[in-house]
Amino acid sequence: MNYETIIGLEVHAQLLTKSKMFCRCSTDYASAPPNTHVCPVCLGMPGVLPTINQQAVEFTVMTALALNCTISDYTRFDRKNYPYPDLMKGYQISQSYAPFGHHGWLTIEANGEKKRVGIDNVHLEEDVAKLIHRTSPGGESYSLVDVNRAGVPLMEIVGEPDLRSPEEARQYLMKLRSILQYLGVSTANMEEGSFRCDANISIRPQDSTDLLAKVEVKNMNSFKAVYRALEYEAERQRKRAAEGKKLAQETRGWVEERGITVAQRSKEYAHDYRYFPEPDLAPLVLNREWVEAIRSKLPELPEARRDRFVAEYNLPLYDANLLTSSILMADYFEACMRGAPQKSAKPVANWIIGEFSRLLNATNTGINDSKVGPVALFDLVQLIHEGSISSTSGKSVLEEMFHTGKSADDIIKAQGLSQISDTEAIEREVMAVIRNNAQAVADYKAGKKQSLKFLVGQVMRATRGRANPTVVNELLEKKLEEG
Ligand code: ZN
Ligand code: MN
């Protein structure tokens, strides 16, 4: 039997507000000592009252608009009740019945085609405290509670089950992250926990509408983990179905080290969170003019920027897509191109996407923390383009720039890397190579054209990569015709 995979993602993103969702405590807790950013409200003391953070509402409305949602006229907060040690009040203030935005979508590329993925709703809630699990020297395990994170504004984006493969899920997440970063509403960093994803995944027989069993997967801390967990789970469910075993409706946790999901708890068909309207907060009726003002202030989003890169810099769609997937990389590219002619765009893009990104990834460096600024990178690309150095030398020069912060010019001078375009010098090497490789020369004359490549390689080797390859090619062909 053929099965189809059905995936829907729920994403929680911490918002970049200065203060928490319902109190004045600072959200800047990442490096703060435990339990220093707390007050009676976020500690969940009895008798205190929450106040809504307007900036958080604005960020949520911005996001909902960017995700093509309808903005609700009437919204409200609800209490989601469940007992857990990290939940200070015993309930989370969330939105269940009247979220800020609903019925939106974002687009991904699936098998080379654009695909719309539905967004059920975008709503606002609060983060919970952090539990830190320890083991004493005696081997006893215990847990500590750090309340700093409790009450940080958390925006939840609930996607429709429109995704059909782990690859589509990965693309959806990357697109969503990029939109949040462009809007400046969240750092959307999965590794740091400001962007968290829960996945609902099930399979169903092809051409059927009956899902076998809805499984929720949690604990994925990177894009790669989401992809691997979904691949594993789609495969596990198919295997069980093939063996005729029943699939349980349950929550499973991804175990990174083992590359598997394990059952955590079986799930009731409907959660009993006993939602009811939050009695401490009045409903919000959003002013339409305010909403429209936010809409008019929306920044250029990734897709619009990608299309502009294609039109303005004449870049291939593939390059434009990669460059604009990160707002920082797109900004860096445009800083390189400031005042530069359009024809520089493709080589600049190549070096950013290729060698520069490789160095950033290998050293886990952010593009803005690198020692190579946009002007320095542009200068290097120019030197290569003018033929002052070969692109092979360019790679080692960039690496040196990356580690020392020196300019391309200084490195080229110090290492004597300037490319040899002087025909006489190259001619000497060409003649030597022709003399020493009689067999290859004979092959070439007998019509074996790839021998030329070999001979070019020999000249490049003799000049330690410094000869201008175009000149070498021309000279070799000329000399071989003559001889
Ligand atoms: Zn507080
Ligand atoms: Mn939630």
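Is Arg 236 buried or exposed? Select it and have a look: Arg 236 is buried, because its relative accessible area is 14% and anything under 20% counts as buried. Keep in mind as you click around that this is a predicted model.

**Stop 1: around Arg 236**

Colour helix 4, which is where Arg 236 is found. Now show the residues touching Arg 236. Setting aside its neighbours within four places in sequence, you should find Val 215, Leu 247, Glu 250, Arg 252 and Thr 261 in contact with Arg 236.

**Stop 2: the manganese ion**

Next, select ligand 2, the manganese ion. Its coordinating residues are His 12 through NE2, plus Glu 125 and Glu 156 through OE, at 2.1 to 2.2 Å. Along the sequence, these donors follow the spacing H-x112-E-x30-E. Two of them come from distant parts of the chain: His 12 sits in strand 1 (residues 3-14) and Glu 125 in strand 7 (residues 113-126), 113 residues apart.

Check how covered those two are. His 12 counts as buried because its relative accessibility is 13%. Glu 125 is buried too, with a relative accessible area of 2%.

**Stop 3: aromatic rings**

Show the Phe, Tyr and Trp side chains. There are 11 aromatic pairs to find. Start with Phe 77 and Phe 100, an edge-to-face pair with 6.3 Å between centres and 75 degrees between the planes. This pair links distant parts of the chain: Phe 77 is in the loop between strand 3 (74-75) and strand 4 (78-81), while Phe 100 is in the loop between strand 5 (91-94) and strand 6 (101-110), 23 residues apart. Both Phe 77 and Phe 100 are buried.

Move on to Phe 195 and Phe 223. Here the rings are stacked, at 6.3 Å centre to centre with 25 degrees between the planes. Phe 195 belongs to strand 11 (residues 195-205) and Phe 223 to helix 4 (residues 223-242), so the pair ties together parts that lie 28 residues apart in sequence. Phe 195 and Phe 223 are both buried.

Then pick out Tyr 82, Tyr 97, Tyr 273 and Tyr 275 together: ring pairs link these four into a cluster.

**Stop 4: charges over rings**

Select Arg 79 and Tyr 91. Arg 79 lies over the face of Tyr 91, 3.9 Å from the ring centre. For another example, jump to Lys 449 and Tyr 444, where the charged end of Lys 449 sits over the ring of Tyr 444 at 4.6 Å from its centre.

**Stop 5: helix 9**

Select residues 345-362, which make up helix 9. What distance should you get between its end C-alpha atoms? They are 25 Å apart, which agrees with the 26 Å that 18 residues should span at 1.5 Å a residue. Follow the axis along and look for a kink of about 40 degrees centred on Phe 356.

Now highlight the buried residues of helix 9: Ala 345, Val 348, Ala 349, Trp 351, Ile 352, Glu 355, Phe 356, Ser 357, Leu 359 and Leu 360. As you look at which way they point, it helps to remember that an α-helix has 3.6 residues a turn, so residues three or four places apart point the same way.

What do the buried residues of helix 9 pack against? Turn on helix 6 (302-313), helix 7 (317-324), helix 8 (327-336), helix 10 (374-386) and helix 11 (391-404) to see their partners.

**Stop 6: positive phi angles**

Most residues other than glycine have a negative phi, which makes the next few selections worth a click. Just after helix 9, Asn 364 takes a positive phi of about 55 degrees.

Go to Asn 35, whose phi is near 60 degrees. Asn 35 lies in the loop between strand 1 and helix 1 (40-43), and is partly exposed with a relative accessible area of 35%. Then try His 103, with a phi near 55 degrees. His 103 lies in strand 6 and is exposed, its relative accessible area being 57%.

**Stop 7: Thr 135**

Finish at Thr 135, found in strand 8 (residues 130-135). Thr 135 counts as exposed because its relative accessibility is 55%. Leaving out residues up to four places away in sequence, Thr 135 touches Glu 140, Ser 141 and Tyr 142. For a last distance, draw a line from Thr 135 to Pro 374: C-alpha to C-alpha, they are 48 Å apart in space and 239 residues apart in sequence.

Notes. Residues are numbered from 1 along each chain as its sequence is written. Chains are lettered from A and ligands numbered from 1 in the order in which they are written. This is a predicted model: local features need pLDDT of at least 70, side-chain atom pairs count only at pLDDT 80 or more; totals for chains, interfaces and linings use all residues. Side-chain values use heavy atoms; hydrogens and water are left out. Donors are N, O and S atoms within 2.8 Å of the metal (3.2 Å for Na, K and Ca); water is not among the atoms, so sites may look incomplete. Helices (H or I, at least four residues) and strands (E, at least two) are DSSP runs, numbered from the N terminus. Buried means under 20% relative accessible area, exposed over 50%, partly exposed in between (1.4 Å probe, protein chains only). Rings of Phe, Tyr and Trp (its six-membered ring) pair if their centres lie within 6.5 Å; planes under 30 degrees apart count as stacked, over 60 as edge-to-face and the rest as tilted. A charge sits over a ring if NZ of Lys or CZ of Arg is within 6 Å of the ring centre and within 35 degrees of the ring normal. The expected span of a helix is 1.5 Å times one less than its number of residues. The bend at a residue is the angle between axes fitted to the seven residues ending there and the seven starting there. Contact means heavy atoms within 4.5 Å.
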